[in-house]
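Me: Please take a close look at one part of this protein, namely its largest nonpolar core, and then follow the chain outward to the surface. I would like one connected account with the cut-offs stated.

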Amino acid sequence: MTTDHAHIHYLENPVKSGPPPKIDVVGTVPEAPPAPEGAEAMTILVTLPPNSPGSPPHRHSGPAYGYVIKGAIDFELEGEPARVVRAGETFWEPGGDVIHYQDGNHLADEESAFVVTMFCAPGQPMLTVVGPEELEARRDRRAPRS
């Protein structure tokens, strides 16, 4: 996700009983993939203990949009280099066939946590683990690791 300060909003408060809210866009996804037809939107909070590897390589049936609220996570999608997403930063993944390799805690000495909203295809699980055979068959799609 990118941060575009051109999207910062300020709302007038018609009631004037207190200060109006200030809304800042913290991330956007240009040309975001569509949600699957009839998708169920689900928002979850994931809390990772210190040094947690997170979920094994997996995929989602639809797009997912997340925000790190505490700490830092290791994040890697198929075809993209691994990166660290820190508290206050966002991430997204298109879902579908794309493998999500990493979502573990980058910190060895404190918890990290993120909130993610997923748009799941009807009747599909929120997360499907990718087996070793498929990981090996798709090895050429993974970005080089340093």
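Reply: The account below begins with the core and then turns to the surface and to one further strand. The model is predicted, so local features need pLDDT of at least 70 and side-chain atom pairs count only at pLDDT 80 or more, whereas totals for chains, interfaces and linings use all residues. Residues are numbered from 1 along each chain as its sequence is written, and side-chain values use heavy atoms, with hydrogens and water left out.

The largest nonpolar core has 12 residues: Leu48, Ala64, Val68, Ile73, Phe75, Leu77, Val85, Phe91, Phe114, Val116, Met118 and Cys120. A nonpolar core is a set of buried Ala, Val, Leu, Ile, Met, Phe, Trp, Tyr and Cys residues joined through side-chain atoms within 4.5 Å; buried means under 20% relative accessible area, exposed over 50%, and partly exposed in between (1.4 Å probe, protein chains only). Two or more residues of this core come from each of S5, strand S6 (72-77) and strand S10 (112-120), and S10 gives the most, with 4 residues. Strands (E, at least two residues) are DSSP runs, numbered from the N terminus. Beyond its neighbours within four places in sequence, Cys120 is in contact (heavy atoms within 4.5 Å) with Pro36, Ala39, Glu40, Met42, Ser61 and Met126.

Strand S5 (residues 64-70) also holds Ile69, which is partly exposed at a relative accessible area of 44%.

Elsewhere, strand S11 (residues 128-129) includes Val129. Leaving out residues up to four places away in sequence, Val129 touches Pro56, Pro57 and His58. The C-alpha atoms of Val129 and His100 are 9.4 Å apart, with the two positions 29 residues apart in sequence numbering.
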